Amino acid sequence: MKRGTILILIALVFLGVAVAMAASVLHDGVSARAKPTRLETFVARNARHLAIPRNARLSQNPVLDSPEIQHEARLHFADHCAICHGNDGNGDTPIGNGLYPKPPDLRKRETQDLSDGELFWIIENGVRFTGMPAFSSNGDHMAGNHGSAQDSWKLVHFIRHLPHLTAVERLEMERYNPKGLEDRAEEQEEDEFLNEATPKAKSESQSHRRK
Ligand code: HEC
């Protein structure tokens, strides 16, 4: 193909994407309540795929899967990821539903077909222009105390297990979901009550309440 033809083809692709984006914005504005069009999802997923370096996509999980690793990753997911993705990975959470794009159902083929390396890369680096944060522990863009690369590889094992998550596992996860301040205060009061708080602790919490 001549160089001129290639340039025209590239220009046409860019024009097509620009028209699709303009049409999407004109249709839904910039509200996050909308759902991406199929074309937008297609372009975004392919752009993401191309943006992930080939050797990263091909890298193998260095962590051996085991019940202990699954347990650790499950609680980690409950603590760091479930707020958007849900304990079972379906993405149907109040925060997930308010995002554009919404988190996909991690149990479905679209996600399960990604390579281990690609899942790892997404967890470590996040996805720009989406709500998916980077969890890498290198640099200062760490989303909460996530931990090491090993933890991300463990999460990859857990994502593979998501389609087979049991009800017992899900119930256990619920205990590790981050709690709001109100829940926490209530839990603390219950704990104090159950532990028959020492008189000192009691009077402290009472004086605190009076303020
Ligand atoms: C603040 C919300 C939020 C949190 C917290 C979050 N994610 Fe995500 N995640 C998203 C969104 C939104 C997407 C969709 C990104 C896209 O469309 O490319 C996503 C995408 C992903 C994907 C790619 C799935 C696919 O098929 O495209 C994986 C894997 C993933 N998240 C894993 C995790 C893990 C593991 C954690 C916790 C360590 C986590 N996420 C925490 C919002 C979140």
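Reader: Which residues does Gln-70 touch, not counting residues up to four places away in sequence?

Author: In this predicted model, Gln-70 is found in helix α4. At 10% relative accessibility, the residue falls under the 20% limit and therefore counts as buried. Once residues up to four places away in sequence are set aside, the residues that Gln-70 touches are Asp-65, His-157, Phe-158 and His-161.

Reader: What is the angle between the planes of the aromatic pair formed by Phe-77 and Phe-158?

Author: A search of the whole structure finds two aromatic pairs. Phe-77 and Phe-158 form one that is tilted, at 5.0 Å centre to centre. Phe-77 belongs to helix α4 and Phe-158 to helix α9, so this pair ties together parts that are 81 residues apart in sequence. Both Phe-77 and Phe-158 are buried, and the angle between their planes is 55°.

Reader: Is the pair of Phe-120 and Trp-153 stacked or edge-to-face?

Author: Phe-120 sits in helix α8 and Trp-153 in helix α9, 33 residues apart, and the pair links distant parts of the chain. Phe-120 and Trp-153 are both buried. Their ring centres are 4.0 Å apart and their planes meet at 5°; because planes under 30 degrees apart meet the criterion, the pair is stacked.

Reader: Which element gives the largest share of the largest nonpolar core?

Author: In soluble globular proteins, nonpolar side chains tend to be buried together. Here the largest nonpolar core has 24 residues, and those with the most contacts inside it are Phe-77, Ile-123, Val-156, Phe-158, Leu-162 and Met-173. Two or more residues of this core come from each of α4 (67-80), α8 and α9. The largest share, five residues, is supplied by α9.

Reader: Which residues does Met-173 touch, not counting residues up to four places away in sequence?

Author: Met-173 is among the residues with the most contacts inside the largest nonpolar core, as are Phe-77 and Phe-158. Both of these phenylalanines also appear among the residues that Met-173 touches. With residues up to four places away in sequence left out, the full list is Arg-74, Phe-77, Ala-78, Asn-87, Phe-158 and Leu-165.

Reader: What is the arrangement of the six donor atoms around the iron atom of the ligand?

Author: The protein donors of the iron atom are His-85 (NE2) and Met-132 (SD), which lie 2.0 to 2.2 Å from it. The six donor atoms subtend angles of 87 to 179° at the iron atom, which makes the arrangement octahedral.

Reader: How many residues apart in sequence are the parts that His-85 and Met-132 tie together?

Author: With a relative accessible area of 12%, His-85 is buried, whereas Met-132, at 21%, is partly exposed. His-85 lies in helix α5 (residues 82-85), and Met-132 lies in the loop between α8 (116-125) and α9 (149-161). The pair of iron donors therefore ties together parts whose separation in sequence is 47 residues.

Reader: What percentage of the contacts in the chain with a separation of 6 or more is between residues 24 or more positions apart?

Author: The chain contains twelve helices and zero strands. Of its 211 residues, 30% count as buried. Among contacts with a separation of 6 or more, the share due to residues 24 or more positions apart is 62%.

Reader: What share of the area exposed by the chain do carbon and sulfur atoms supply?

Author: The chain exposes about 14,700 Å². Of this area, the part supplied by carbon and sulfur atoms is 60%.

Technical notes. Residues are numbered from 1 along each chain as its sequence is written. This is a predicted model: local features need pLDDT of at least 70, side-chain atom pairs count only at pLDDT 80 or more; totals for chains, interfaces and linings use all residues. Side-chain values use heavy atoms; hydrogens and water are left out. Donors are N, O and S atoms within 2.8 Å of the metal (3.2 Å for Na, K and Ca); water is not among the atoms, so sites may look incomplete. Four donors count as tetrahedral if all angles lie between 85 and 135 degrees; four count as square planar and six as octahedral if opposite donors are over 155 degrees apart and all others between 65 and 115; anything else is irregular. Helices (H or I, at least four residues) and strands (E, at least two) are DSSP runs, numbered from the N terminus. Buried means under 20% relative accessible area, exposed over 50%, partly exposed in between (1.4 Å probe, protein chains only). A nonpolar core is a set of buried Ala, Val, Leu, Ile, Met, Phe, Trp, Tyr and Cys residues joined through side-chain atoms within 4.5 Å. Contact means heavy atoms within 4.5 Å. Accessible areas come from the Shrake-Rupley method with a 1.4 Å probe; for residues, only the protein chains shown count as cover. Rings of Phe, Tyr and Trp (its six-membered ring) pair if their centres lie within 6.5 Å; planes under 30 degrees apart count as stacked, over 60 as edge-to-face and the rest as tilted.
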